[in-house]
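Got a minute to walk through a model together? Let's take it as a string of questions and answers.

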Amino acid sequence: MQQLLDKIKAYSAQIEGAAVHSKEELEAFRIKYLGTKGLVKTIMSEMKDVATEQKKEAGQALNEFKNYVEQKFEKLKLFDGNQVKVKQEVDLSLPAPDMPIGSRHPISIVQNKIISIFNRLGFAVAQGPEIEDDWHNFTALNLPENHPARDMQDTFYLQESPAWLLRTHTSSVQIREMEKGVLPLRIICPGRVYRNETISARAHCFFNQVEGLYIAENVSFADLKQTLYFFVQEMFGQEVKIRFRPSYFPFTEPSAEMDISCLICGGSGCNVCKKTGWVEILGCGMVHPQVLENCNIDSEKYTGFAFGMGIERITMLKYQVKDLRLFSENDTRFLDQFIAAI
Ligand code: DAH
């Protein structure tokens, strides 16, 4: 009996100091002490050798020992076990992995910049639908029935009669805004437009434009020039020059196209400007009186200017992008280059 009690004491001391560092060690502890051939079972079997009058005392000591071992096991499971688990999953001393930074699309960057420049001149942003009717996309803009721009080649028609189409330019938003009849009107209209064109480095079947419109009393071509000059200098830098060439658009009279001095060669002539020193960036003009009348605006009292530019074109010039298709391919090697540009 004394022998048995001594054993229990010795084992208890041994178990007291036991520690585990992994799931495997925890399992080894369980097998060693609590398994079917474990120490607790073995020592219990020694009860049969104890004299009858000592059985009660021995039984108590053995039960206490068994409880003690089981409690120790639970402790090891809770404390050491969890610690081991946490250690395996997260090492708090490691440097954190790099967080990939997203970037704005170059078209969005330039569009936002255009908006902010014109905002400073008092232009508000207006938007219109991408699915348009014939009136807003063509007729009200003074595009006669047989105008080449109405050709099926250029326009995606969703339905022939009555015509529903994907707008071919953001000039349709001009009409929608003028029809609201709130004057004076000073807006820019950014948005996506569609044309039935073969996709190449220089053309796409969808792209983005910004339309500008200013209608008030006594608006002149000088206002148009000064507004666009301010825009160009803010967008491309103070040293950039502009020039206007007479042109034709059905919705403006007179009409012009505006060039800027080539950003690549500074005007001395290179491949980008085709050796001319100038690159075209937009169309513009004084709103045709017929267009004003189409929107119930008194063309005797009001005048206005309008302009329209392709955002892709401005972006290509600003960041020297040579292929228009890059803008719609979502290649992150291309897009990542604009992280710093925001
Ligand atoms: N809508 C024309 C286009 O898509 C661009 C344009 C030219 C807009 C002259 C205008 C303008 O407002 O006055 O090619």
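Strands here are DSSP runs of E with at least two residues, and they're numbered from the N terminus. Keep in mind that this is a predicted model.

Q: Where is Pro254, and which residue does the cis peptide bond to Pro254 come from?
A: Pro254 sits in strand E8, which covers residues 252–261. The peptide bond leading into Pro254 is cis, with omega near -5°. The residue on the other side of that bond is Glu253.

Q: Which loop holds Pro162, and what is omega for the bond that joins Ser161 and Pro162?
A: Pro162 belongs to the loop between strand E3 (157–159) and strand E4 (164–166). Ser161 and Pro162 are joined by a cis peptide bond. Its omega is about 0°.

Q: What is phi for Lys275, and where does Lys275 lie?
A: Look in the loop between E8 and E9 for Lys275. Lys275 isn't a glycine, yet its phi is positive. The value is about 65°.

Q: Which side chain makes a polar contact with the side chain of Asp134?
A: Asp134 is part of helix H6, residues 134–137. Setting aside neighbours within four places in sequence, Asp134 is in contact with Thr139, Arg150, Ala163 and Leu165. The polar contact between side chains, at 2.5 Å, is with Thr139.

Q: Are H5 and H10 roughly parallel or roughly perpendicular to each other?
A: Helix H5 (residues 106–120) packs with helix H10 (residues 311–319), their axes 9 Å apart. The angle is about 100°. Angles of 65 to 115 degrees count as roughly perpendicular. H5 and H10 are therefore roughly perpendicular.

Q: How many residues of the contact of H5 with H10 are nonpolar?
A: On the H5 side, the residues include Ile107, Val110 and Ile114, and on the H10 side they include Ile311, Ile314 and Tyr319. The contact also has two polar and three charged residues. The nonpolar count is eight.

Q: Which helix supplies at least two residues of the shell around the ligand?
A: Strands E6 (206–216), E9 (278–287) and E10 (303–310) each give at least two residues to the shell. By class, that shell has five nonpolar, eight polar and two charged residues. The helix that also supplies at least two, spanning 171–179, is H7.

Q: How much of the ligand's accessible area does the protein cover?
A: Of the 15 residues around the ligand, His169, Ser171, Arg195, Gln209 and Glu211 come nearest. An oxygen atom of the ligand is 2.8 Å from a side-chain N or O atom of Arg195, and one is 2.6 Å from a side-chain N or O atom of Glu211. Phe307 has a backbone N or O atom 3.4 Å from a ligand oxygen. On its own the ligand has 360 Å² of accessible area, and the share covered by the protein is 89%.

Key:
Residues numbered from 1 in each chain as written. Predicted model: local features only at pLDDT ≥ 70, side-chain atom pairs only at ≥ 80, totals over all residues. Heavy atoms only, no water. Near = heavy atom within 4 Å. Polar contact = N/O pair within 3.5 Å; in protein donor to acceptor, adjacent residues only side chain to side chain. Areas by Shrake-Rupley, 256 points an atom, 1.4 Å probe, with all protein chains shown as cover. Helix = DSSP H or I, 4+ residues; strand = E, 2+ residues; numbered from the N terminus. Nonpolar A, V, L, I, M, F, W, Y, C, P; charged D, E, K, R; others polar. Axes fitted to C-alpha atoms, helices over the stretch in contact; angles between N-to-C directions. Parallel < 35°, antiparallel > 145°, perpendicular 65-115°, else oblique. Contact = heavy atoms within 4.5 Å.
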